[in-house]
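Work through the following exercises with the sequence and the three-dimensional view side by side, and try each task before reading its solution.

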Amino acid sequence: MAAPVIETPRLRLRGHTMADLDALCVLLGSERAIHMDGPVRSKEAWRWLASEVGMWDLLGFGAWGIETKEGDFLGQISISKPPHYPEAEMGWTLLESAEGKGYASEAALAALDWAWSNGFETLVSYISPANARSIALANRLGATIDADAALPEGETPDETIVYRHTADSDGSPEAYA
C-alpha cells in the first residue's frame, strides 16, 4: 500500500522518495537527532527511511514526507508502531530550516484527521522531557500527558513522556457536535 497523498493549504504529505534521503541523512546524522536515538550514520538513516516506507505495506499506516506545494522537502510526519511500541505513535521531525513556520502543526493536524477517518481512536506521542519543541507541539495539538500509558520497551519515565491524542481533543468534528 502506498502512502496516500494529503494536501493542506501550504503542504503536501506524500510517501517518501529517494530524493528525501540526503536531507534525512543530514538531519539524522546531526545533534538535532538526539531525541530520535541519533545521531546515526547514513547506513542507519537509509534503514530508518526504508522502514518508514515499508510500514505502509506491513501495517496500513506509516510515514509521510512533508513538502511545500512548491516541492521543497521539509521533514516527516508519521503514524508508526514498531514492535517495541505498545501503541501507535504519531511522531514528527522537521529540517532546521522548516522550524518555526507552523509546518509541523499543519502536517500533524492533517495526519490526525487521516487517522481519525481511518479508524484510529487514539494515538500517542513518545517525547523526551528535554524536547521542548515537541512538547509545545503536542500541547498545541490538544494532546494531554498520559502518565499511566505504557512506555516503549526499555524506556523509563525519565526518558519518555507519553502524550495522548484523541479525536475529540485534536479537532475531530465530534468535538463540536
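**Exercise 1. Follow the strands at the start of the chain.**
Find how many residues lie between β1 and β2 in their hairpin, and then trace how β2 is paired on to β3.

*Solution.* Begin with the hairpin: β1 and β2 form it with 3 residues between them. The model in which you see this is a predicted one. Next, look at the pairing itself, where strand β1, residues 6–7, runs antiparallel to β2 and is joined to it by 2 bridges. Within this pairing, Ile6 stands opposite Leu13 of β2. Now move on to β3, which is also antiparallel to β2 and is connected with it by 4 bridges. Here Leu13 appears again, since its bridge partner in β3 is Ile66.

**Exercise 2. Trace a network of charged side chains.**
Determine which residues are linked with Arg14 in a network of salt bridges, and decide whether Arg14 is buried or exposed.

*Solution.* Start from the total, which is 9 salt bridges in the structure. One of them is formed by the side chains of Glu7 and Lys69, at 3.3 Å from N to O. Glu7 belongs to strand β1 and Lys69 to the loop between β3 and β4, so this pair ties together parts that are 62 residues apart in sequence. Glu7 is partly exposed, with a relative accessible area of 46%, and Lys69 counts as partly exposed at 32%.

Turn next to Arg14, which forms a salt bridge with Asp20, their closest N and O atoms being 2.6 Å apart. Arg14 also forms a salt bridge with Glu67, where the closest N and O atoms are 3.1 Å apart. This second pair links distant parts of the chain, because Glu67 is in strand β3 and Arg14 in strand β2, 53 residues apart. As for burial, the cut-off is under 20% relative accessible area, so Arg14, at 11%, counts as buried. Asp20 is buried too. Putting the steps together, the network links Glu7, Arg12, Arg14, Asp20, Glu67 and Lys69.

**Exercise 3. Examine a charged residue without a partner.**
Find which side chain of opposite charge is nearest to Glu52, and how far away it is.

*Solution.* First locate Glu52, which lies in helix α2, residues 42–59. Glu52 is buried but has no salt bridge, and the nearest side chain of opposite charge, that of Arg14, is 12 Å away. Then ask what does touch Glu52: when neighbours within four places in sequence are left aside, its contacts are His16, Gly62, Ala63, Gln76 and Ser78.

**Exercise 4. Describe the aromatic rings and the core.**
Say which residues form one aromatic cluster, and which element gives the most residues to the largest nonpolar core.

*Solution.* The whole structure contains 6 aromatic pairs. In one of these, Trp56 and Trp64 are edge-to-face, 5.1 Å from centre to centre with 70° between the planes. Trp56 is buried at 2% relative accessibility, and Trp64 is buried at 0%. The rings of Trp114 and Phe120 have centres 6.4 Å apart and planes at 45°, so that pair is tilted. The cluster is made up of Trp56, Phe61, Trp64, Trp114 and Phe120.

Finally, consider the largest nonpolar core, which has 37 residues, and in which Trp64, Trp114 and Phe120 are among those that touch the most other members. The element that gives the most to this core is α3, with 10 residues. Another core, of 7 residues, lies apart from it and includes Leu24, Cys25, Ala45 and Phe73.

Definitions and conventions
Residues are numbered from 1 along each chain as its sequence is written. This is a predicted model: local features need pLDDT of at least 70, side-chain atom pairs count only at pLDDT 80 or more; totals for chains, interfaces and linings use all residues. Side-chain values use heavy atoms; hydrogens and water are left out. A nonpolar core is a set of buried Ala, Val, Leu, Ile, Met, Phe, Trp, Tyr and Cys residues joined through side-chain atoms within 4.5 Å. Buried means under 20% relative accessible area, exposed over 50%, partly exposed in between (1.4 Å probe, protein chains only). Rings of Phe, Tyr and Trp (its six-membered ring) pair if their centres lie within 6.5 Å; planes under 30 degrees apart count as stacked, over 60 as edge-to-face and the rest as tilted. Two strands pair if DSSP finds at least two bridges between them. Lys and Arg count as positive and Asp and Glu as negative; His and the chain ends are not counted. A salt bridge is a side-chain nitrogen of Lys or Arg within 4 Å of a carboxyl oxygen of Asp or Glu. Contact means heavy atoms within 4.5 Å.
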